[in-house]
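Here's a friendly walk through the empty spaces of one protein model. Have a look at the structure, then read on for what lines its hollows.

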Amino acid sequence: MAHIHDLTALEQAAAVRNRELSPVEITEHYLERAERLNEEVGAFVTLTADRALEEARKLEAQVLASDDPPPFLGVPIPVKDLNLVKDVPIFFGSAAYEGFIAPVDDSVVERLRDAGTIMLGKTSTPEFGLPCYTETAVGPPARTPWDLTRSAGGSSGGAAAAVAAGLAPAAHGSDGAGSIRIPASVCGLYGIKPTRGRISFAPIIPDLAGLSTNGPITRDVADAAALLDVMAHNNPGDLYWAPPPERGSFSAYVGVEPGRLRIARYATPVVPDADVHPEVLAAYESASALLESLGHEVVDIDPPFGADVVPEFVKLWFTFACMHPVAEGVESRLRPLTAWLRERGFATAAPDFLKAQSALQLATRFALLVTDEYDAVLTPTVTRPPVPVGWFEDVDTPEETFERMKRFAPFAATYNISGQPAVNLPLHWSPEGLPVGVMLAGRFGDEGTLISLSAQIEASVGGFWGERRPSVW
């Protein structure tokens, strides 16, 4: 071991259990790196150093006293700044929330704490989690560590930047239109968007259309599966529930041969004017060839969703931009894109919202008739390699920014519509050394097959996807 951050989250947990490393030692290591590198990486909006060290000291005593420690005892896992952590500032990516302190923990935060994790701080997210890039008025932009002139994506951009730069071994994220998979793609990481209803948003955040879910961002499959085991839970009042894994845990699928699978693929974006970059197509073709070399059948299909879902999804996005209350007198602190989205959201009539949601459910019912014929579906994750910081807003109007967002990430949001699980695989790097991911989606409730297949692919290309590291590592 050259550095603590070379270890995976599970390896760190094992080192703590074996008393080879202490929680304090691990926490101090990551805090030093975060304090030194965060300004250029933009991973954290809030570092909670004193709190993290206090938690580490308490857990250190627990190591000595416990014969059955929780799975991630002493491992630092930051929380995205869209989720509440009691007594810690939360910005939701917005200057309009400056000074607001979370009154309670989200239940997924409680699950992470019960698993023994230490919260280093809150990772950066764009305003209200709406854009697919992380540039805010409350902190530096989140940058992919593979090229610090380029965006880490969003809305879990800070989480992905933290993991890819070695500022955390893994991170909590969330995904409402690709917000785990997009930053995982541009930061060269593995990320899981779980099945709708897999992870509760209790006690405050509503489920509503079921587009969003929490999930893990990691360097390898085993860490992601184990974190999903920790995060998965439901609470009374949840609108959606997902069936439990047949093997009893998601970790049980790691290392289990998936057998010969039938995998569909398509690379035609649902957004009609979106172009797919040649490097993205190269990643897609390479992944297809790799799947065939592993013995799987790969079948071309037409996209299961048509372009008619795009305006309906956009209506929902406009209205969900209005969910966060903004106090009178601070509306001017909102970023132009957010203000533009909210203006259109407040102008959307309730019957139009309901019609849009109905149209998406109908489209999903027909789409699942297609995708359920296959064990998995392969697509690009995004349409381009990582773009420069500022690229999305280097236009004249917020509407043009929104159009760029739609063209950049047209593949990921379809699985937020359907509720299916989906993962980003960090399989390809451009000649310039930029990561380009591909996406696999599975049947509703079947993260297990995706995890088993992902682990098989990971093993075939070498641990940690070829042992690549960015220069800041």
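Helix H9 supplies five residues to the lining of the largest cavity, the largest share of that lining. The cavity itself has a volume of about 300 Å³. Its lining counts 22 residues, and the closest to the centre are Ala177, Phe313, Lys406, Ala409 and Ala413. Besides H9, helix H12 (398–408) and H13 each give two or more residues to this lining. What classes of residue make up the lining of the largest cavity? There are 18 nonpolar, three polar and one charged.

Keep in mind that this is a predicted model. In total, the structure holds seven cavities of 30 Å³ or more. The second largest cavity comes in at about 120 Å³. Of its 14 lining residues, Gly188, Leu189, Arg219, Arg468 and Arg469 are the closest to the centre. Two elements give two or more residues here: helix H5 (157–164) and helix H15 (463–467). By class, this second cavity's lining has ten nonpolar, one polar and three charged residues.

Now for the pockets. The largest pocket holds about 790 Å³ of space. It's lined by 31 residues, with Phe128, Ile205, Pro206, Met323 and His324 the closest to its centre. Which elements give two or more residues to that lining? They are strand S4 (171–175) and helix H9 (309–320). So here's H9 again: a contributor to the lining of the largest pocket, and also the element with the largest share of the largest cavity's lining.

The second largest pocket has a volume of about 260 Å³. Its lining has 15 residues, and nearest the centre you'll find Arg196, Ala209, Gln357, Gln361 and Ile417. Helix H11 (350–371) and helix H13 (414–418) each give two or more residues. H11 has the largest share, with eight residues. H13 is another name you've met already, as it also helps line the largest cavity.

Here are the four spaces together:

| Space | Volume | Lining by class |
|---|---|---|
| Largest pocket | about 790 Å³ | 19 nonpolar, nine polar, three charged |
| Second largest pocket | about 260 Å³ | eight nonpolar, five polar, two charged |
| Largest cavity | about 300 Å³ | 18 nonpolar, three polar, one charged |
| Second largest cavity | about 120 Å³ | ten nonpolar, one polar, three charged |

Let's step back to the whole chain. Its secondary structure comes to 15 helices and eleven strands. The radius of gyration is 21 Å, close to the 23 Å that the globule rule gives for 473 residues, so the chain is as compact as a globular protein of that length. The C-alpha atoms fill a box of roughly 60 × 60 × 45 Å along the principal axes. Buried residues account for 64% of the 473 residues.

What does the record add? An unreviewed UniProt entry carries the annotation "domain: Amidase" for residues 25–450. That span is 35% helix and 12% strand, and its end C-alpha atoms lie 34 Å apart.

Finally, how far can you trust the picture? The chain averages a pLDDT of 97, and 100% of the residues score at least 70. Where is confidence lowest, and where is it highest? H15 is at the bottom with a mean of 79, while strand S9 (residues 376–380) tops out at 99. Where pLDDT is low, predicted coordinates shouldn't be read in detail. H15, you'll recall, is one of the elements lining the second largest cavity.

Definitions and conventions
Residues are numbered from 1 along each chain as its sequence is written. This is a predicted model: local features need pLDDT of at least 70, side-chain atom pairs count only at pLDDT 80 or more; totals for chains, interfaces and linings use all residues. Side-chain values use heavy atoms; hydrogens and water are left out. On a 1 Å grid over the protein atoms alone, a cavity is a set of points where a 1.4 Å probe fits but cannot get out, and a pocket is an open set with protein on both sides within 12 Å along at least five of seven lines; lining residues have an atom within 4 Å of a point. Grid points are joined across faces, edges and corners, and a volume is the space filled by probe spheres set on the points. Helices (H or I, at least four residues) and strands (E, at least two) are DSSP runs, numbered from the N terminus. Ala, Val, Leu, Ile, Met, Phe, Trp, Tyr, Cys and Pro count as nonpolar, Asp, Glu, Lys and Arg as charged, and the others, Gly among them, as polar. UniProt positions are given in the numbering used here, feature names are shortened, and annotations may be inferred rather than shown by experiment. pLDDT is the predictor's confidence in each residue, from 0 to 100. The radius of gyration is taken over C-alpha atoms; the globule rule is 2.2 Å times the number of residues to the power 0.38. Buried means under 20% relative accessible area, exposed over 50%, partly exposed in between (1.4 Å probe, protein chains only).
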